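Subject: A structure to look through, with notes

Dear colleague,

I am passing on a structure for you to open beside this email. Please have a look at it before you read on, and then follow the notes underneath.

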Amino acid sequence: MTERDDDRSIVKRAEEFLQAFKKGAEFTQELLKENERLRFQLLELKESLRGPEKSYPSDSQDPEKDHLRRKVRDLEQERVEILDRIRQVEKENLDFANRYVEIEAENNKLANLYIASYQLHSTLDFREVLQIIMEIIINLIGGEEFGILLLDEKAKKLQAVASEGIATGDFPIVPMGKGIIGQAAQTGENYFIEEIAGYSRELSRPMVCIPLKIKEQVIGVIVIYKLLVQKDHFAEVDYELFTLLAGHAATAIFSSKLYSESERKLSTMQGFIELLTK
């Protein structure tokens, strides 16, 4: 895979993210307009019904009065129907308001990830890249105990290189294809447990395992064992975050490793040339 391919992949992912973010913003604007329309309609209905209750004459043989009583009953029925409609509008209004809050929260998360993705690609220092990935997992996904495992291409094994809440040395070295973690790395498919409630930590059985992929090539995995207290489940947007994070993190890790290796080789060659020219 060439550097140009990586750049194209990053640009493509950034464009996909911008499109998703733009759709979210447009949908939010539509909700706001609908919310305003319903509020205006509600005020109009309330205004039309404002006024004191009236008493009406009792039964009479007067045809004119009978006509008026029927008219009053019709108006009372209409009033009940309008009140029902007001309650329905108020409920719809509340639903829209709640949905607006959810969408705003999702947009904020996506915006934060967009910023974080730029931070990921702002450095070629391997350790800094790992630190940025860990901050994203904590702040955007809500991970409390997790690890980042990278694949040794020669040995075909996954080994932890960074972690939070668990000592990096405690993570087992996982052969490719073995267990939940090895299977996720081999297939490139995300793994999630069905129910977070009741989960007890086992290092070989994470609640989430996300392969770090550049196109179809897996270079490692992110494993999560515990979420922050305020987070008791994954929302739909979290799965989008996992997918975006996996792609950006994999590219950033791969680039920083290549850069570190080239820097080390350059330093070795310079030292060798200095020895020859002395």
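How many bridges join β1 to β2, and in which sense do these strands run? Seven bridges join the two, and β1 and β2 run antiparallel. Please keep in mind throughout that this is a predicted model.

**The chain as a whole**

The protein chain contains five helices and six strands, and from the N terminus on its elements follow the order α-α-α-β-β-β-α-β-β-β-α. Of its 278 residues, 33% count as buried, while the chain exposes about 17800 Å², with carbon and sulfur atoms supplying 52% of that area. Among the contacts with a separation of 6 or more, 62% are made by residues 24 or more positions apart.

**The sheet**

Strands of a sheet pair through backbone hydrogen bonds, and they may do so in a parallel or an antiparallel way. Here the six strands make an open sheet in the order β3-β2-β1-β6-β5-β4, with antiparallel pairing. β3 (174-175) and β4 (191-192) stand at the edges with a single partner strand each, so one side of each has no neighbour in the sheet.

You may find it helpful to begin with β1, which is mostly covered, since eight of its ten residues are buried. Besides its pairing with β2, strand β1 (residues 143-152) is joined by seven bridges to strand β6 (residues 217-227), and these two also run antiparallel. Glycine 147 is a good residue to find on the screen: in β6 it stands opposite valine 223, and in β2 its bridge partner is serine 163. Further along, leucine 150 stands opposite glycine 220 in β6.

From β6 you can go on to β5, as seven bridges join these strands, which run antiparallel, and proline 211 is placed opposite valine 221 in β6. β5 is mostly covered as well, with six of its seven residues buried. β4 and β5 pair in the antiparallel sense over two bridges, and phenylalanine 192 stands opposite valine 208 in β5.

**Two lysines in turns**

Most residues other than glycine have a negative phi. Where, then, does lysine 156 lie? Lysine 156 is found in the loop between β1 and β2, a hairpin that has four residues between its strands, and its phi is near 55 degrees, a positive value in a residue other than glycine. With a relative accessibility of 44%, lysine 156 counts as partly exposed.

The hairpin of β5 and β6 has two residues between the strands, and lysine 215 in the turn has a positive phi of about 55 degrees. Lysine 215 is exposed, because its relative accessible area is 51% and the cut-off for exposed is over 50%.

**How the helices pack**

Two packed helices are described by the angle between their axes and the distance between the axes. The axes of helix α2 (residues 63-120) and helix α3 (residues 126-141) come within 10 Å and cross at roughly 175 degrees, which means that α2 is roughly antiparallel to α3. In this contact Lys109, Asn112, Leu113, Ala116, Gln119 and Leu120 of α2 meet Val129, Ile132, Ile133, Ile136 and Leu140 of α3, and by class there are eight nonpolar, two polar and one charged residue.

α3 also packs with α5, at an angle of about 170 degrees and with the axes 9 Å apart. α3 and α5 are therefore roughly antiparallel to each other. The residues of α3 in this contact include Phe126, Val129, Leu130 and Ile133, and those of α5 include Leu241, Phe242, Leu245 and Ala249. The contact of α3 with α5 has 14 nonpolar, two polar and two charged residues.

**Helices on the sheet**

Helix α4 (residues 179-187) lies across β1, β2 (157-164), β3, β4, β5 (208-214) and β6, and it runs at about 140 degrees to β6. Helix α5 (residues 236-277) packs on the sheet too, where it touches β1, β4, β5 and β6, and its direction makes about 50 degrees with that of β5.

With best wishes

Conventions: Residues numbered from 1 in each chain as written. Predicted model: local features only at pLDDT ≥ 70, side-chain atom pairs only at ≥ 80, totals over all residues. Heavy atoms only, no water. Axes fitted to C-alpha atoms, helices over the stretch in contact; angles between N-to-C directions. Parallel < 35°, antiparallel > 145°, perpendicular 65-115°, else oblique. Contact = heavy atoms within 4.5 Å. Nonpolar A, V, L, I, M, F, W, Y, C, P; charged D, E, K, R; others polar. Pairing = 2+ DSSP bridges. Buried < 20%, exposed > 50% of the residue type's maximum accessible area, 1.4 Å probe, protein only. Areas by Shrake-Rupley, 256 points an atom, 1.4 Å probe, with all protein chains shown as cover.
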